[in-house]
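Biologist: Please take a close look at one part of this model, the pairing of its strands, and then follow the aromatic rings from there. I would like a connected account rather than a list.

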Amino acid sequence: MILFSKQAFAQHKALISGKVFSTEKEVIDFATVYLKDVNVGGITNDKGVYHLKAVPGEYTLVVSAIGYETIQLKVRLEAGERNKQNVFLKPAVTELEEVVVVSDGVSRLKKSAFNAVAVDAKALHNSTQDLASALIKVPGIKLRESGGVGSDMQFSLDGFTGKHIKLFIDGVPQEGVGSSFGLNNIPVNFAERIEVYRGVVPVGFGSDALGGVINIITGNKRSLFLDASYSYGSFNTHKVHFNMGQTLKNGFMYEINAFANYSDNSYWIDTPVKDLSNGQIDQTAVERVKRFHDAFHNEAVIAKVGVVNKWFADRFVFGFTFSNSNKEIQTGVRQEIVFGQKRRKNYSYMPSVEYRKQDLFLKGLTVSLTANYNRNLTHNLDTATYVYNWHGDHIYNNGKLGEQSYQDGKFANDNWNGTFTANYHISNQHSVVFNHVLTSFKRKTTNSTGVADNSAVAASFDKVSLKNVSGLSYRFHWKERINLSAFGKLYSQHSKGPRNASTTGAFNYVAFSENVNALGYGAAGSYYIVNGLQLKLSYERAYRLPTTEELFGDEDLELGAIGLKPEHSDNVNLNLSYMKTFSKHNIYVEGGLIYRDTRNYIRRTINSYSGGLYYGLYENHGRVKTKGFNLEARYNYATLLSVGGSYTRLNARDNERYVGGNTLQESTTYGVRMPNTPYEFANGDVSINLRNFVKRGNTLSINYGALYVHSFYLYWENHGNKKSKQQVPTQLSHDVSVVYSMDNGKYNFSIECKNLTDEKLYDNFSLQKAGRAFYGKFRYTFGK
């Protein structure tokens with residue numbers, strides 16, 4: 001048992017101890033237990049036992065575990081007596097109800113048979129991180145951003161990128177929410193924890209994810225709480241977050257969550273500059289210039305009101321989310337393309353409802369329903385008649401309208417999402433889950449320019465998608481040692497929109513519609529070989545239906561490809577982990593093997609069209625086979641020290657042998673590594689926490705993090721001269737931060753330096769990220 005306070009030991013006149021159980025009477029190990037009114041606490045051992053010593057008096061005992069609702073109990077400690085207090089925790093509002101083994105920030109879902117981890121976002125609430133950057137500690141995850149605050153972002157997870165990974169908030173799919181509510185625009189304070197399921201995905205999500213699932217858990221608060229923060233930093237970056245709410249004794253609850261970001265993104269980059277007098281770019285003449293048209297701001301408000309713990313519902317809540325963003329667009333998909341007036345605005349309105357009831361109609365049956373409607377409006381504005389270069393100079397463009405494609409276009413995406421989940425516990429060992437997810441999408445586009453160019457013709461077609469995913473699973477677990485799941489999933493999609501029927505490279509859009517259906521299945525199991533040593537194995541025949549962006553584009557820099565076929569893949573995960581706690585020491589090591597055999601792989605490419613402009617385009621690329629492994633290790637000494645890191649190595653290769661599939665002409669890229677995909681990366685971190693620093697109840701934290709990425713080619717590595725091939729270079733970046741918390745976390749101050757050594761960083765070819773940057777943050781909180 002780890003105790004936080006030496007002062008409490010010195011007085012050792014009262015003791016409280018006991019065990020922590022779930023409501024199903026299963027032991028919860030590694031739960032956090034502390035006395036709220038003083039700085040005394042620790043974690044339960046592998047048998048769920050805790051012991052705390054403190055001076056006599058009345059206290060609030062707080063017990064929490066990831067995957068369970070936090071409980072607070074009033075206790076009284078008498079001098080010279082032992083107070084025995086067993087605690088029962090109720091599963092949190094999540095369909096998966098998994099216990100988590102805590103390992104300083106990144107945790108493994110212990111009772112889940114699936115290869116999954118969880119990030120403790122609460123430990124990062126004093127930092128200026130967003131939800132996206134909070135995930136970089138997770139083995140196999142690589143975050144790829146195209147620039148600064150508000151830039152385009154996608155994840156790479158075990159070799160799968162972007163649309164292969166699905167996003168959920170509290171188990172609800174977030175398709176169609178818009179860029180203003182992207183993970184890199186949401187502060188880390190929004191979440192309590194972040195779950196990551198890799199490769200094989202439980203039925204409870206009802207997802208067609210091929211690469212995995214990211215599930216943001218916002219948590220449920222009981223008493224009145226407030227969490228407010230403000231940060232300021234380099235490039236005139238401001239971030240504000242406000243969260244408050246309360247659950248009354250009569251079950252009425254309300255919560256308001258609001259945040260805003262602003263940045264000029266005016267950082268320096270190194271790039272050749274176009275000579276406007278002749279339109280040429282000398283690639284050998286690299287200059288250091290400042291970004292001048294890249295400002296971004298977004299705001300969001302999430303309001304919830306409802307009731308909990310009623311006879312008719314454990315949770316019945318209505319919500320409304322509003323978000324908007326305004327982004328100046330500095331570059332296209334290549335840094336050599338410079339814009340000086342192009343911009344994009346986005347607005348999103350989303351009413352929602354959620355309902356959950358345990359023991360509905362019969363004991364052991366839990367039913368959950370969610371529904372939301374999202375009206376997402378995007379305005380692309382590109383009407384300038386000038387050409388710009390990186391100096392900010394511009395000249396008249398000989399009557400050409402628009403810097404990329406002349407448009408004053410608005411398109412409205414209407415998204416409907418509905419989920420139904422029934423979880424029936426037949427007995428303590430057996431349970432079944434049924435889940436169905438319905439997703440509907442429709443887009444209408446208007447262009448105020450009156451010019452009937454190719455983009456306007458494509459925009460005149462309505463774009464429609466209707467997707468259904470149903471799943472059924474059976475779960476068996478025995479004596480905390482064996483956990484088995486088997487499942488099946490049924491997929492269907494109807495899509496309608498414009499398709500380019502030309503085979504000559506010109507544009508000839510015609511109406512096109514398509515229906516697809518597929519059946520997936522899989523199994524997962526975990527087994528404790530000995531205490532602390534766990535083996536996990538999972539397999540899934542998974543399908544991923546094309547997303548609306550892949551089918552219809554974004555009416556700007558991304559072209560749609562409505563004829564895309566669904567991807568399907570045979571995914572296998574094998575994982576071995578070991579955790580041991582002795583005295584104040586905790587060690588955790590993990591190793592995992594990855595296998596993916598993917599057909600009709602959807603790949604994003606970059607194509608050039610008239611005028612030397614570039615567009616993103618999606619295409620099916622036959623068959624891709626991925627093999628790889630992850631390693632992770634961490635050591636904790638009480639709450640004083642944490643040291644750890646992870647390493648990922650992937651080998652994704654083109655496995656389509658013949659050109660066109662029906663010929664005997666062998667492809668020149670057969671067996672070659674897939675381009676434009678990170679395949680080797682690692683991270684490490686060190687944290688030192690000095691409790692009762694200067695004053696009792698104050699904590700000083702010093703943190704260091706490093707991220708390494710090996711170079712990778714933009715195009716096929718066997719084509720062209722390797723010495724002159726375009727590639728994203730090898731890079732190593734360093735971040736440091738200092739956090740001082742006062743009055744048991746009520747007042748918090750932090751200072752951060754990102755990219756300490758001012759490295760040239762790139763997640764995507766030629767799109768340089770910010771150099772060295774400094775940020776400061778103040779946070780005030782109570783009741784959480």
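**Strand pairing and aromatic contacts**

Modeller: In this predicted model, strand E2, which covers residues 32–35, is joined to E3 by four bridges in the antiparallel sense. One position within this pairing can be named, since Thr32 has Ile43 of E3 as its bridge partner. The two strands belong to an open sheet of four, ordered E3-E2-E5-E6, with antiparallel pairing. Because E3 (40–43) and E6 (71–77) each have a single partner strand, they stand at the edges, and one side of each is left without a neighbour in the sheet. From one strand to the next, the twist averages 20 degrees.

A further antiparallel pairing is that of E22 (residues 268–275) with E23 (residues 280–290), which runs over seven bridges. Here Ile269 is found opposite Val289 of E23. Four residues lie between the strands of this hairpin, and Gly279 adopts a positive phi near 75 degrees there.

Turning from backbone to rings, the model contains 20 aromatic pairs. One of them joins Tyr521 to Tyr539, with 6.5 Å from centre to centre and 50 degrees between the planes, a tilted arrangement. This pair links distant parts of the chain, for Tyr521 belongs to strand E34 (residues 509–530) and Tyr539 to strand E35 (residues 533–544), 18 residues apart. Tyr521 counts as partly exposed, with a relative accessibility of 42%, and Tyr539 is likewise classed as partly exposed, at 28%.

Tyr747 and Tyr780 also make a tilted pair, their centres 5.4 Å apart and their planes at 45 degrees. Since Tyr747 lies in strand E48 (residues 747–754) and Tyr780 in strand E51 (residues 773–782), this pair ties together parts that are 33 residues apart in sequence. Relative accessibility is 32% for Tyr747, which therefore counts as partly exposed, while Tyr780, at 23%, is also partly exposed.

Strand E48 and strand E51 bring us to a contact of another kind, in which Lys754 lies over the face of Tyr775 at 5.2 Å from the ring centre. Lys342 offers a further example, its charged end sitting over the ring of Phe339, 5.8 Å from the centre of that ring. Finally, Phe168, Tyr197 and Phe205 come together as one aromatic cluster.

Notes:
Residues are numbered from 1 along each chain as its sequence is written. This is a predicted model: local features need pLDDT of at least 70, side-chain atom pairs count only at pLDDT 80 or more; totals for chains, interfaces and linings use all residues. Side-chain values use heavy atoms; hydrogens and water are left out. Two strands pair if DSSP finds at least two bridges between them. Axes are lines fitted to C-alpha atoms, for helices over the stretch in contact, and angles run from 0 to 180 degrees between N-to-C directions. Rings of Phe, Tyr and Trp (its six-membered ring) pair if their centres lie within 6.5 Å; planes under 30 degrees apart count as stacked, over 60 as edge-to-face and the rest as tilted. Buried means under 20% relative accessible area, exposed over 50%, partly exposed in between (1.4 Å probe, protein chains only). A charge sits over a ring if NZ of Lys or CZ of Arg is within 6 Å of the ring centre and within 35 degrees of the ring normal.
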